[in-house]
Amino acid sequence: MASTPSIIRVIDLETTGETPGTHGVCEVGWQDVALGKDGRWELHGEGGSRLINPGRPIPPVTQAIHHILDEQVADAPLWFDAARPVLDPYPRRLALAAHRADFEMKFCTPNMTHGADWICTWKCAMRLWPDSPSFSNQVLRYWRKPEGIDHERGLPAHRAFPDAYVTAFHLRDMLNEALVAQLLEWSNQPGLLPRVRWGPDRGKDWTEISVASLTGFLTDRDPDVRFTAETEVARRRGGGAVGRPNLQGMLL
């Protein structure tokens, strides 16, 4: 009897908004990535999606993003009833993954996921591919051009299965570059931003900005900005070379 492969399930949600309680899930999509006998990770199975009744009207501002209509979800199951089979799948699941997983985690509670660990492909992309012009799911898709991706299967964007499918290719390539434990470690920290997002130093590497500018970012409201500034301060105090960091330098 063939052994069941270890999988990481990529999840994507379409919702009525950003706040659980006030907003609800209206679609869930998934695509598995499995560890093969050759030690390489590849997409596994067909994946899928389900419409979900969010229990409230879908606002026009979010309908304009995913184009899901109230009448399409009227007879769909509620999220609480549909979540567990999707989020806690067989065969053996090592973790769940999502692009900007902090969003999915708000709606996928530990009770629904059986306490799953999460990999955030957005955070991991900034670590592994810092030269990307942006770190959105779709920009990474067209900048990286992952081997084997079916262009049409990844469309339309902002629907649950196509987005999960595209994210799965990013995850596959990440898993073939770094250990699961490393991806989980990065995912459990704030994002490490390769470039300054705003202000006079916008677009610069963090290694290139002045001490005064760097110090100002240490109290920024954005936890990713604060974490990145703190990491750069620690690097400078350690006597590291100033200049564009290589991958080793990013793995602090």
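# Reading the strands and helices

Reader: Which phi does glycine 39 take in the hairpin of strand 2 and strand 3?
Author: In this predicted model, glycine 39 has a positive phi near 85 degrees. The hairpin has five residues between its two strands.

Reader: How do you know that strand 2 and strand 3 pair?
Author: Two strands need at least two bridges to count as paired. Strand 2 (residues 25–35) and strand 3 (residues 41–51) have eight bridges, so they qualify. Their sense is antiparallel. Leucine 35 faces tryptophan 41 of strand 3.

Reader: What makes strand 1 and strand 2 a pair?
Author: Again the cut-off is at least two bridges. Strand 1 (residues 7–15) and strand 2 have nine bridges, so they pair too. They also run in the antiparallel sense. Aspartate 12 lies opposite glycine 29 in strand 2.

Reader: What is the order of the five strands in the open sheet?
Author: The order is 3-2-1-4-5, and the pairing is mixed.

Reader: What makes strand 3 and strand 5 edge strands?
Author: Each pairs on one side only. Strand 5 spans 118–120. On average, neighbouring strands of this sheet are turned by 25 degrees against each other, direction ignored.

Reader: How does the direction of helix 3 relate to that of strand 1?
Author: Helix 3 (residues 79–87) packs on the sheet and touches strands 1, 2, 3 and 4. Its direction makes about 155 degrees with that of strand 1. Angles over 145 count as roughly antiparallel, so helix 3 is roughly antiparallel to strand 1.

Reader: And how does the direction of helix 8 relate to that of strand 2?
Author: Helix 8 packs on the sheet as well, touching strands 1, 2, 3, 4 and 5. The angle with strand 2 is about 30 degrees. Under 35 degrees counts as roughly parallel, so that label fits helix 8 and strand 2.

Reader: Why are helix 7 and helix 8 called oblique to each other?
Author: The axes of helix 7 (residues 137–144) and helix 8 (residues 160–175) come within 10 Å and cross at roughly 55 degrees. That is not under 35, not over 145 and not in the 65 to 115 range, so the pair is oblique. The crossing is left-handed.

Reader: Which residues make the contact?
Author: Helix 7 offers Asn137, Gln138, Leu140, Arg141 and Arg144. Helix 8 offers Asp163, Val166, Thr167, Phe169, His170 and Asp173. By class, three are nonpolar, four polar and four charged.

Reader: What is the average pLDDT of the protein chain?
Author: The average is 92, and 93% of the residues score at least 70. Over residues 240–252, however, the pLDDT is below 50.

Definitions and conventions:
Residues are numbered from 1 along each chain as its sequence is written. This is a predicted model: local features need pLDDT of at least 70, side-chain atom pairs count only at pLDDT 80 or more; totals for chains, interfaces and linings use all residues. Side-chain values use heavy atoms; hydrogens and water are left out. Axes are lines fitted to C-alpha atoms, for helices over the stretch in contact, and angles run from 0 to 180 degrees between N-to-C directions. Helices (H or I, at least four residues) and strands (E, at least two) are DSSP runs, numbered from the N terminus. A crossing is left-handed if the near helix is turned anticlockwise from the far one by less than a right angle, and right-handed if clockwise. Contact means heavy atoms within 4.5 Å. Ala, Val, Leu, Ile, Met, Phe, Trp, Tyr, Cys and Pro count as nonpolar, Asp, Glu, Lys and Arg as charged, and the others, Gly among them, as polar. pLDDT is the predictor's confidence in each residue, from 0 to 100.
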